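Here is a walk through one protein chain, from a single side chain outward. Keep the model in view while reading.

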Amino acid sequence: MSSESRLYAFSPETKEKLRKFRLGTSRAKDPQAVIYIIDSKSQEIRAEDGEVYTKMEDLADELPDSSPRFILLSYPLTMASGRLAVPYVLLYWLPENCNPTMRMTYAGAVELMRNTAEVNRVIEVEQEDDIISIESRLKGAE
């Protein structure tokens, strides 16, 4: 058992929500994003409020200025080749003026979150513009 698994936990309900989100968003026509936090008392990783964001501007507005977050994102787009793709990624929100303790807490959990959510790719984002223009980063990865 890795050390991250002992430090941070997912409730069975959260694991089930992660699975349903991953399976349910693969055919979505709009972007789907959910914000996840690490509860500082219980060290549990869970959805912040359960809201699913479909507009990147709304998502960016909800993110705190000085605390990290994990964002699961399913983003349908048409590639330059004309092929339809739905990348499923983990956005790692790490604002520049982030509290160092929180930075370390989230850094220690990023791989566990990646593996539990079954995403292929982690993209670090630091500013609201990084979120709003995420489509160009997703397309650039192909």
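A residue counts as buried when its relative accessible area is under 20%. Phenylalanine 70 has a relative accessibility of 0%, so it is buried. The model is a predicted one. Start at this ring and work outward.

Two aromatic rings are described by the distance of their centres and the angle of their planes. The chain has three aromatic pairs. In one of them, phenylalanine 70 meets tyrosine 92, with 5.6 Å from centre to centre and 40° between the planes. That pair is tilted. Phenylalanine 70 belongs to strand E3 (residues 69-74) and tyrosine 92 to strand E6 (residues 88-93), so the pair ties together parts 22 residues apart in sequence. Both residues are buried.

Phenylalanine 70 also pairs with tyrosine 106. Here the centres are 5.1 Å apart and the planes stand at 55°. Planes under 30 degrees apart would be stacked and over 60 edge-to-face, so this pair too is tilted. Tyrosine 106 sits in helix H4 (residues 100-117), 36 residues from phenylalanine 70. Tyrosine 106 is buried as well, at 0% relative accessible area. Phe70, Tyr92 and Tyr106 together make one aromatic cluster.

Now look at the backbone. E3 and E6 run antiparallel and are joined by six bridges. Tyrosine 92 is the bridge partner of phenylalanine 70 in E6. H2 packs on the sheet and touches E1, E2, E3 and E6. The direction of H2 makes about 160° with that of E1. H4 packs on the sheet too, touching E1, E2, E3, E6 and E7. Its direction makes about 175° with that of E6.

How are the strands of the sheet ordered? The order is E2-E1-E3-E6-E7, in an open sheet of five strands with mixed pairing. E2 and strand E7 (121-125) are the edges, each pairing on one side only. Neighbouring strands are turned by 30° against each other on average, direction ignored.

Finally, the nonpolar cores. The largest has 24 residues. Tyr36, Ile45, Phe70, Leu72 and Met113 have the most contacts inside it. Helix H2 (12-25), strand E1 (32-38), strand E2 (45-47), E3, E6 and H4 each supply at least two of its residues. H4 gives the most, with six. Isoleucine 45 touches residues including Tyr8, Phe10, Tyr36, Leu112 and Met113, leaving aside those up to four places away in sequence. A second, separate core has 21 residues, among them Leu59, Ala60, Leu63 and Val125.

Methods
Residues are numbered from 1 along each chain as its sequence is written. This is a predicted model: local features need pLDDT of at least 70, side-chain atom pairs count only at pLDDT 80 or more; totals for chains, interfaces and linings use all residues. Side-chain values use heavy atoms; hydrogens and water are left out. Rings of Phe, Tyr and Trp (its six-membered ring) pair if their centres lie within 6.5 Å; planes under 30 degrees apart count as stacked, over 60 as edge-to-face and the rest as tilted. Helices (H or I, at least four residues) and strands (E, at least two) are DSSP runs, numbered from the N terminus. Buried means under 20% relative accessible area, exposed over 50%, partly exposed in between (1.4 Å probe, protein chains only). A nonpolar core is a set of buried Ala, Val, Leu, Ile, Met, Phe, Trp, Tyr and Cys residues joined through side-chain atoms within 4.5 Å. Contact means heavy atoms within 4.5 Å. Two strands pair if DSSP finds at least two bridges between them. Axes are lines fitted to C-alpha atoms, for helices over the stretch in contact, and angles run from 0 to 180 degrees between N-to-C directions.
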